[in-house]
Amino acid sequence: MPGPLVVNNSVVIPDAELVWRFSRSSGPGGQGVNTTDSRVELTFDVAATTALSPALKARALDRLGAPTITIAASEYRSQLRNREAAEQRLAQRLREAIAPPPKRRRPTKPSRGAVERRIAGKKHRADLKRLRRDP
């Protein structure tokens, strides 16, 4: 499992910048629950990384609100699967944090024909309801 974490085509986090911590997972697991360190905590320091350009780092810090990201995974009984889950979650979180801002919506207004069709539809509906009433 050791190796760089690929976030997207242009961002790859070196393994040396990822801090792993293992502990015993809570919950059911049979006899192995008290002997295996299957819970995983993955910590990544966004502020000190060399994998992000200054612009991406500023964007990520602004969106995340904290200089470090800590991901905990304990849903699987296997430490390896929990490591994979933590890596996937960290990569997804970083992808969202460094994504470019969405394009601004250009305000528009409905065309005259669209307004007329809408009003005509409302009038038609009102006429139908009016004709259902007793005279």
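How many bridges join strand β4 (residues 39-45) to β5? The number is 6, and the two strands run antiparallel. The model is a predicted one: local features need pLDDT of at least 70, side-chain atom pairs count only at pLDDT 80 or more, and totals for chains, interfaces and linings use all residues. Residues are numbered from 1 along each chain as its sequence is written, and side-chain values use heavy atoms, with hydrogens and water left out.

Strands (E, at least two residues) and helices (H or I, at least four) are DSSP runs, numbered from the N terminus. Two strands count as paired if DSSP finds at least two bridges between them. An open sheet of 3 strands follows the order β3-β4-β5, with antiparallel pairing. β3 and β5 stand at its edges with a single partner strand each, so one side of each lacks a neighbour in the sheet. From one strand to the next, the twist averages 15°. Axes for such angles are lines fitted to C-alpha atoms, for helices over the stretch in contact; angles run from 0 to 180 degrees between N-to-C directions.

Between β3 and β4, 6 bridges form in the antiparallel sense. Here Leu18 has Phe44 of β4 as its bridge partner. Phe44 in turn is bridged to Ile69 in β5. Thr43 stands opposite Thr70, and Glu41 opposite Ala72, both partners lying in β5.

Side chains alternate along β5 (residues 68-73). Ile69, Ile71 and Ala73 point to one face and are buried, that is, under 20% relative accessible area (exposed is over 50%, partly exposed in between; 1.4 Å probe, protein chains only). Thr68, Thr70 and Ala72 point to the other face and are not buried.

Helix α2 packs on the sheet. The helix touches β3, β4 and β5, and its direction makes about 145° with that of β5. Contact means heavy atoms within 4.5 Å. The 20 residues of α2 (residues 79-98) should span 28 Å at 1.5 Å a residue, the expected span being 1.5 Å times one less than the number of residues. The end C-alpha atoms are 28 Å apart, which agrees. At the start of α2, a side-chain oxygen of Ser78 comes to within 3.2 Å of the backbone nitrogen of Leu80.

Buried residues of α2 include Asn82, Arg83, Glu87, Leu90 and Leu94. The buried set packs against β1 (5-6), β2 (12-13), β3 (18-23), β4, α1 (54-64) and β5. Arg93, also found in α2, is partly exposed, with a relative accessible area of 37%. Leaving aside neighbours within four places in sequence, Arg93 contacts Leu64, Ile69 and Ile71. The C-alpha atoms of Arg93 and Ile71 are separated by 9.6 Å, although the two residues lie 22 residues apart along the chain.

The largest nonpolar core has 24 residues. Such a core is a set of buried Ala, Val, Leu, Ile, Met, Phe, Trp, Tyr and Cys residues joined through side-chain atoms within 4.5 Å. Ile13, Leu18, Leu90 and Leu94 have the most contacts inside it. At least two residues come from each of β3, β4, α1, β5 and α2. The largest share, 7 residues, comes from α2. Beyond neighbours within four places in sequence, Leu18 is in contact with Leu5, Ile13, Leu42, Thr43, Phe44 and Leu90.

Conventions. A polar contact is a pair of N or O atoms within 3.5 Å; within protein, one must be able to donate a hydrogen and the other to accept it, and residues adjacent in sequence count only if both atoms are side-chain atoms.
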